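Q: I am new to this structure and would like a close look at a single part of it. Please take one helix, describe it with care, and then lead me outwards to what lies around it.

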Amino acid sequence: MSALWTACLQHLEKTVSAQEFNTWVRPLQVHEELGTLLLLAPNRFVLDRVKAHFLEHIENSLNKLNNGDKTQVLLQVGSRKKILDKTLSNTKKVASGRGGKGKNAKVLPLRSSAKTSGFFNHSPSNHGRAHIVNSPLNAKFTFNNFITGQCNQLAHAAALQAAENCDFNPLFIYGGVGLGKTHLMQAVGHALGQLQPNSRVVYLHSERFVSEMVKAIQNKVIDDFKDYYRSVDVLLLDDIQFLAGKVRSQEEFFHTFNTLIEGHQQVVITSDRVPGAINGLEERLKSRLGSGLTVSVDPPPLNTRMDILRNKAAQSAVRLPDDVAWFIADNIESNVRELEGALHRLLASARFLHQDITLDFSQQALKDLIVTQLRVCTINDIQQVVAEYYKISVEEMMSKRRHRYIVRPRQMAISLAKELTQQSLASIGNAFGGRDRTTIMHSCKTINSLKTKDQELRQDYQNLSKVLQH
Ligand code: ADP
Ligand code: MG
């Protein structure tokens with residue numbers, strides 16, 4: 001068993017109750033590959049429980065034990081024996097010459113010293129799919145599962161294109177944390193793997209590139225290291241900003257990169273910023289990195305956040321009520337990873353407690369993630385949320401159009417603005433496309449009177465009001 005995992009277990013044993021530890025944590029088996037710790041749960045039930053209650057704990061312990069170096073932890077149902085059996089049968093296939101060789105692939109010289117160097121151990125073991133020879137791609141990071149909006153449309157289109165041909169080489173995707181860079185890059189890998197089943201797709205994080213290289217130098221197999229990375233069909237190098245300041249790694253990568261580009265082998269790179277802004281990167285590398293197509297992923301707006309939540313819930317076969325989707329999407333704005341974290345927490349809590357996913361339950365379940373103090377909302381918030389609720393655009397809401405499907409939402413928004421903000425009638429009027437006080441008062445009156453007669457409208461009003469205040 002991995003020494004790291006053993007240390008982690010000792011750490012966890014001290015921090016969770018003995019019963020919890022024995023029931024949920026002890027049954028996990030561990031398989032270490034490429035610095036990724038694969039935790040294998042005996043069944044779905046244990047997996048869900050570990051994911052909801054212990055995973056974060058485990059990751060924190062591992063990071064601490066690893067001096068802050070992030071260990072990637074993957075959780076899946078399975079057993080070590082199955083994995084080892086599969087690896088063995090794939091190794092046999094490779095040995096008998098049926099391994100995946102891409103159009104440009106070379107047969108790697110498996111010198112005995114090289115075998116111990118680390119990077120050859122990641123031979124085609126990926127669920128029997130020979131084209132993936134390095135860190136496994138996350139099966140969920142596909143184009144199908146990627147939700148697009150204005151914030152990422154261009155990056156998405158460019159990635160699709162890169163998966164079809166090498167016109168954009170390298171494809172450089174940049175943006176803040178948790179906005180889908182790794183997802184998109186791996187989607188390219190999946191798509192290429194499907195289009196050209198024999199191609200060799202290699203995904204790795206830049207930190208991994210550095211550590212593999214250091215290992216290769218120590219083991220005196222640097223030539224094999226070079227051959228290895230230069231012989232792939234697709235190289236997906238994640239978070240290249242980690243190469244900043246690492247001169248030797250940059251040098252190595254620069255040559256590998258050039259070879260790949262010249263050989264029309266697709267390269268996709270991600271970073272938290274544009275190439276030119278990565279301090280500590282050699283100028284020539286910066287300029288080469290920007291020589292293909294550079295695209296950004298930006299934070300998703302409210303409607304895209306809601307689409308993402310609904311889509312993720314649907315993947316777990318759950319239909320997320322609209323007010324719940326609003327509540328989460330409206331409160332978690334920073335990044336998709338956090339959005340996803342909140343949703344997972346909610347779904348797991350509902351499952352374990354056998355509760356329906358209502359707004360009240362969600363507020364309770366997420367109370368430490370989302371501080372539900374009454375919030376001051378702005379007219380702008382109200383316009384956006386109400387427009388989204390009624391599936392009209394904010395422009396329509398502000399317009400002079402008198403179509404019923406626009407008038408009612410407009411009156412709702414005005415009435416909510418009157419109730420939830422401290423703004424005067426005049427400034428509300430202003431904010432709604434320059435309407436006068438009487439129009440604003442009329443809207444409020446209409447809604448108040450409808451609330452007493454129309455149950456559906458009353459419910460809508462309550463939903464909106466709740467969402468806007470939390
Ligand atoms: P980054 O690499 O930019 O830090 P990731 O690609 O790891 O972010 O994305 C974080 C999480 O959010 C992943 O689980 C990913 O699937 C999800 N995610 C990000 N953007 C989207 C999107 N547009 N549609 C669906 N899921 C997304
Ligand atoms: Mg990433």
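**Helix α15 and its surroundings**

A: In the predicted model, the buried residues of α15 are Val 336, Leu 339, Ala 342, Leu 343, Leu 346, Leu 347, Ala 348, Ser 349 and Ala 350. The helix is made of 18 residues, and from its first C-alpha to its last it reaches 26 Å, which is close to the 26 Å expected at 1.5 Å a residue. At its N-terminal end α15 is capped by Asn 335, a side-chain oxygen of which lies 2.8 Å from the backbone nitrogen of Arg 337. After α15 comes His 354, a residue with a positive phi, near 50°.

The helix also takes part in the surroundings of ligand 1, since α15 is listed together with α8 (181-195) and α13 as supplying, each of them, at least two residues of the shell around that ligand. This shell holds 18 residues, of which Ile 147, Gly 178, Thr 182, His 183 and Glu 340 come nearest to ligand 1. Sorted by class, the shell consists of 7 nonpolar, 7 polar and 4 charged residues. Some polar atoms of the protein can be placed with respect to the ligand: a backbone N or O atom of Gly 178 is 2.7 Å from an oxygen atom of ligand 1, while an N or O atom in the side chain of Lys 181 is 2.8 Å from an oxygen atom of the ligand. In the side chain of Asn 152, an N or O atom lies 3.4 Å from a nitrogen atom of ligand 1. Of the 550 Å² of accessible area that ligand 1 has on its own, the protein covers 93%.

From α15 one can also turn to helix α14, because α15 (336-353) is among the elements that cover the buried residues of α14, along with α13 (302-315), α16 (359-365), α17 (379-389) and α22 (455-469). Helix α14 spans residues 322-331, and 8 of its 10 residues are buried, so α14 is largely enclosed by the rest of the structure. The buried residues of α14 are Asp 323, Val 324, Ala 325, Trp 326, Phe 327, Ile 328, Ala 329 and Asp 330.

Two single residues elsewhere in the chain can be described in a similar way. Phe 254 belongs to helix α11, which runs over residues 247-262, and Phe 254 counts as buried because its relative accessibility is 9%, where the cut-off for buried is under 20%. Apart from neighbours within four places in sequence, Phe 254 is in contact with Arg 284, Leu 285 and Arg 288. Although Phe 254 and Leu 285 are 31 residues apart in sequence, their C-alpha atoms are 6.3 Å apart in space. Ser 399, for its part, lies in the loop between α18 (394-398) and α19 (404-420), and its side chain reaches the backbone oxygen of Glu 396 at 2.7 Å. Not counting residues up to four places away in sequence, Ser 399 touches Arg 410 and Arg 435.

As for the setting of these parts, the chain has 22 helices and 8 strands, and buried residues make up 49% of its 470 residues. Among the contacts in the chain between residues at least 6 apart in sequence, 74% join residues at least 24 apart.

Technical notes:
Residues are numbered from 1 along each chain as its sequence is written. Chains are lettered from A and ligands numbered from 1 in the order in which they are written. This is a predicted model: local features need pLDDT of at least 70, side-chain atom pairs count only at pLDDT 80 or more; totals for chains, interfaces and linings use all residues. Side-chain values use heavy atoms; hydrogens and water are left out. Helices (H or I, at least four residues) and strands (E, at least two) are DSSP runs, numbered from the N terminus. Buried means under 20% relative accessible area, exposed over 50%, partly exposed in between (1.4 Å probe, protein chains only). Contact means heavy atoms within 4.5 Å. The expected span of a helix is 1.5 Å times one less than its number of residues. A polar contact is a pair of N or O atoms within 3.5 Å; within protein, one must be able to donate a hydrogen and the other to accept it, and residues adjacent in sequence count only if both atoms are side-chain atoms. A residue is near a molecule or strand if one of its heavy atoms lies within 4 Å of it. Accessible areas come from the Shrake-Rupley method with a 1.4 Å probe; for residues, only the protein chains shown count as cover. Ala, Val, Leu, Ile, Met, Phe, Trp, Tyr, Cys and Pro count as nonpolar, Asp, Glu, Lys and Arg as charged, and the others, Gly among them, as polar.
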